Amino acid sequence: MTFRPAWSTTLRVAGGLALCAALEGVAIAHGVSEGDQGFIENTSGPQIGPFLYLGAKHMVTGYDHLLFLLGVIFFLYRLRDVAGYVTLFAVGHSTTLIAGVLLGTNVNAYLVDAVIGLSVVYKALDNLGAFRTWFGVQPDARTAVLIFGFFHGFGLATKLQDFALSSDGLVANLLAFNVGVEIGQVLALSGILILMGYWRRTRSFARYAFAANVVLMAAGFLLTGYQLAGFFIGDPA
């Protein structure tokens, strides 16, 4: 879908960019908190309930995941289409989350998270019709969502690999964590869809959809830049 930019929204976009700058601090906190890390490292045996909760908490507070999903559903009006795309993302996310931990796949966390940030940029550009305008081609949206889902799953797997996970009950706990992630995804998306449904019924949606995706793209670039800075210069002392 293409847009006619509303240049009167410049101030709104600027305000959105300021909000994106604030997301940099959120990006630093995103992951697994110290308290949750302590529980994960000290637990032994199957702990289904707690890992369900931790998985749901991760998704609800995972701003990078939610920004990408917001871009995915931005122009999806039928629940069947939403369910299809979200299922593809869940398959990709679940596969690399579980396989990455069980197989001990070693991937640099900063680079994976940088790709996750770029997934937000990609989806915003896709919503803006940039690929067809610039290159005359339209990437397959379903394939892209599945591939980026793999990277989103690797993002969490790299964090869990930093912990001393007990082998006792590991598979059961990983499965419970993954189910919790999907529960959190459904809860978060339900709220987003309600808000989007209300916004789409107003005249402002057509007027500000372009600006909203520009802000979404800026947020993705900021997330990517933060992770690349961490990769090249490391965490501040």
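# A first tour of the chain

Visitor: In which helix is Asn 178 found?
Guide: A word before we start: the model in front of you is predicted. To place Asn 178, look at the stretch of residues 170-200, which forms one helix. Asn 178 is found in that helix, H9.

Visitor: Is Asn 178 buried or exposed?
Guide: The relative accessible area of Asn 178 is 9%. The cut-off for burial is under 20%. Because 9% falls under that cut-off, Asn 178 is buried.

Visitor: Which side chain does the side chain of Asn 178 join in a polar contact of 3.0 Å?
Guide: Leaving aside residues up to four places away in sequence, Asn 178 touches His 93, Ser 94, Leu 97 and Ile 98. The polar contact of 3.0 Å links the side chain of Asn 178 to that of Ser 94.

Visitor: Let me step back. How many helices does the chain have?
Guide: Following the chain from the N terminus, you meet the elements α-α-α-α-α-α-α-α-α-α. There are zero strands, and the number of helices is ten.

Visitor: What percentage of the residues in the chain is buried?
Guide: The chain has 237 residues. Burial here takes a relative accessible area under 20%. The buried share of the chain is 47%.

Visitor: Take the contacts between residues at least 6 apart in sequence: what share joins residues at least 24 apart?
Guide: Asn 173 gives a feel for such pairs, as it sits 125 residues along the chain from Ile 48 and also touches Ile 48. Counting over the chain, the share of those contacts that joins residues at least 24 apart is 86%.

Visitor: How many Å separate the C-alpha atoms of Asn 173 and Ile 48?
Guide: Asn 173 has its place in helix H9, and at 5% relative accessibility Asn 173 counts as buried. Beyond residues up to four places away in sequence, Asn 173 touches several others, among them Pro 46, Gln 47 and Phe 51. Between the C-alpha atoms of Asn 173 and Ile 48, the separation is 5.9 Å.

Visitor: Which residues of H3 are buried?
Guide: Helix H3 covers residues 48-60, and its 13 residues reach 18 Å from the first C-alpha to the last. That reach is close to the 18 Å expected at 1.5 Å a residue. The buried residues of H3 are Phe 51, Leu 54, Gly 55, Ala 56, His 58 and Met 59.

Visitor: How far apart in space are Gly 62 and Gly 184, C-alpha to C-alpha?
Guide: Gly 62 lies in the loop between H3 and helix H4, and is buried at a relative accessible area of 0%. Along the sequence, Gly 62 and Gly 184 are 122 residues apart. In space, C-alpha to C-alpha, they are separated by 9.8 Å.

Visitor: Which residue forms a salt bridge with Arg 78?
Guide: Side chains of opposite charge can pair when their charged atoms come close. Arg 78 counts as partly exposed at 47% relative accessibility, whereas its partner counts as buried at 17%. The closest N and O atoms of the pair are 3.0 Å apart, and the partner is Asp 81.

Visitor: In which helix do Lys 123 and Asp 126 both lie?
Guide: The side chains of Lys 123 and Asp 126 meet in a salt bridge of 2.7 Å, N to O. Lys 123 counts as buried at 6% relative accessibility, and Asp 126 is buried at 8%. An α-helix has 3.6 residues a turn, so residues three or four places apart point the same way. Lys 123 and Asp 126 are three residues apart, about one turn, in helix H6.

Visitor: At the start of H8, which residue has a side-chain oxygen that reaches to the backbone nitrogen of Arg 142?
Guide: Helix H8 has 20 residues, 141-160, and its end C-alpha atoms are 29 Å apart, which agrees with the 28 Å that 1.5 Å a residue gives. The side-chain oxygen at the start of H8 comes within 3.4 Å of that backbone nitrogen, and it belongs to Asp 140.

Visitor: Which helix gives the largest share of the nonpolar patch?
Guide: The patch covers about 520 Å² and is made by Leu 111, Leu 228, Phe 231, Phe 232 and Ile 233. One of these, Ile 233, counts as exposed at 71% relative accessibility. The largest share, four residues, comes from helix H10.

Key:
Residues are numbered from 1 along each chain as its sequence is written. This is a predicted model: local features need pLDDT of at least 70, side-chain atom pairs count only at pLDDT 80 or more; totals for chains, interfaces and linings use all residues. Side-chain values use heavy atoms; hydrogens and water are left out. Helices (H or I, at least four residues) and strands (E, at least two) are DSSP runs, numbered from the N terminus. Buried means under 20% relative accessible area, exposed over 50%, partly exposed in between (1.4 Å probe, protein chains only). Contact means heavy atoms within 4.5 Å. Patches are made of residues with over 30% relative accessible area and no salt bridge: like charges are joined within 9 Å, nonpolar side chains (Val, Leu, Ile, Met, Phe, Trp, Tyr) within 5 Å. Accessible areas come from the Shrake-Rupley method with a 1.4 Å probe; for residues, only the protein chains shown count as cover. A salt bridge is a side-chain nitrogen of Lys or Arg within 4 Å of a carboxyl oxygen of Asp or Glu. The expected span of a helix is 1.5 Å times one less than its number of residues. A polar contact is a pair of N or O atoms within 3.5 Å; within protein, one must be able to donate a hydrogen and the other to accept it, and residues adjacent in sequence count only if both atoms are side-chain atoms.
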